[in-house]
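Me: I would be grateful for a close look at a single part of this structure, with the reasoning set out step by step.

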Amino acid sequence: MAEITIMDNGPIRVSGTDIVLKDMTGKPVKPANPAQFALCRCGHSAQKPFCDGAHKTANFQSKVSS
């Protein structure tokens, strides 16, 4: 089962088993740790689609609303 958590002012965290991440052509994209990784939301990461912490220096602000 996969768990996806949208972090306030940060990335989207993905964790679980049997997670397949694909690009827009359907080609698999392999994260360093396929059981737990973070996807960039700020657009400033040098490792897109993965988060590299750039949201901190970019002062990315986005609160998740319910």
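How many aromatic pairs does the structure hold? Please describe the surroundings as well.

Reply: The model under discussion is predicted. The structure holds one aromatic pair. Its members are F37 and F50, whose ring centres are 6.0 Å apart and whose planes stand at 85°, so the arrangement is edge-to-face. The assignment follows because planes over 60 degrees apart count as edge-to-face. As to location, F37 belongs to strand β3 (residues 36-39), whereas F50 sits in the loop between β3 and α1 (54-57); the pair therefore ties together parts that are 13 residues apart in sequence.

Both rings are withdrawn from solvent by the accessibility criterion. F37 is buried, at a relative accessible area of 10%, and F50 is buried as well, at 16%.

The position of F37 can be read from the pattern along its strand. In a regular strand, side chains alternate between the two faces of the sheet. In β3, F37 and L39 point to one face and are buried, while Q36 and A38 point to the other face and are not buried. Strand β3 also has a pairing partner: β2 (residues 12-16) runs antiparallel to β3, and four bridges join the two. Within this pairing, A38 of β3 is the bridge partner of R13.

Beyond the loop that holds F50 lies helix α1 (54-57), and H55 is found in this helix. H55 counts as buried, with a relative accessibility of 13%. Apart from neighbours within four places in sequence, H55 is in contact with N9, G10, P11, C42 and F60.

One of these contacts, C42, leads to the cysteines. C42 is likewise buried, at 17% relative accessibility. The structure nevertheless holds zero disulfides. For C42, the closest cysteine sulfur is that of C40, at 3.8 Å, which is too far for a bond. The reason is that a disulfide requires the two sulfur atoms to lie within 2.5 Å. C51 is in no disulfide either, since the nearest cysteine sulfur, again that of C40, is 6.1 Å away. C51 is partly exposed, with a relative accessible area of 22%; this value does not meet the criterion for burial, because buried means under 20%.

In summary, the edge-to-face pair of F37 and F50 joins strand β3 to the loop between β3 and α1.

Terms used. Residues numbered from 1 in each chain as written. Predicted model: local features only at pLDDT ≥ 70, side-chain atom pairs only at ≥ 80, totals over all residues. Heavy atoms only, no water. Phe/Tyr/Trp six-rings, centres within 6.5 Å; stacked < 30°, edge-to-face > 60°. Buried < 20%, exposed > 50% of the residue type's maximum accessible area, 1.4 Å probe, protein only. Contact = heavy atoms within 4.5 Å. Pairing = 2+ DSSP bridges.
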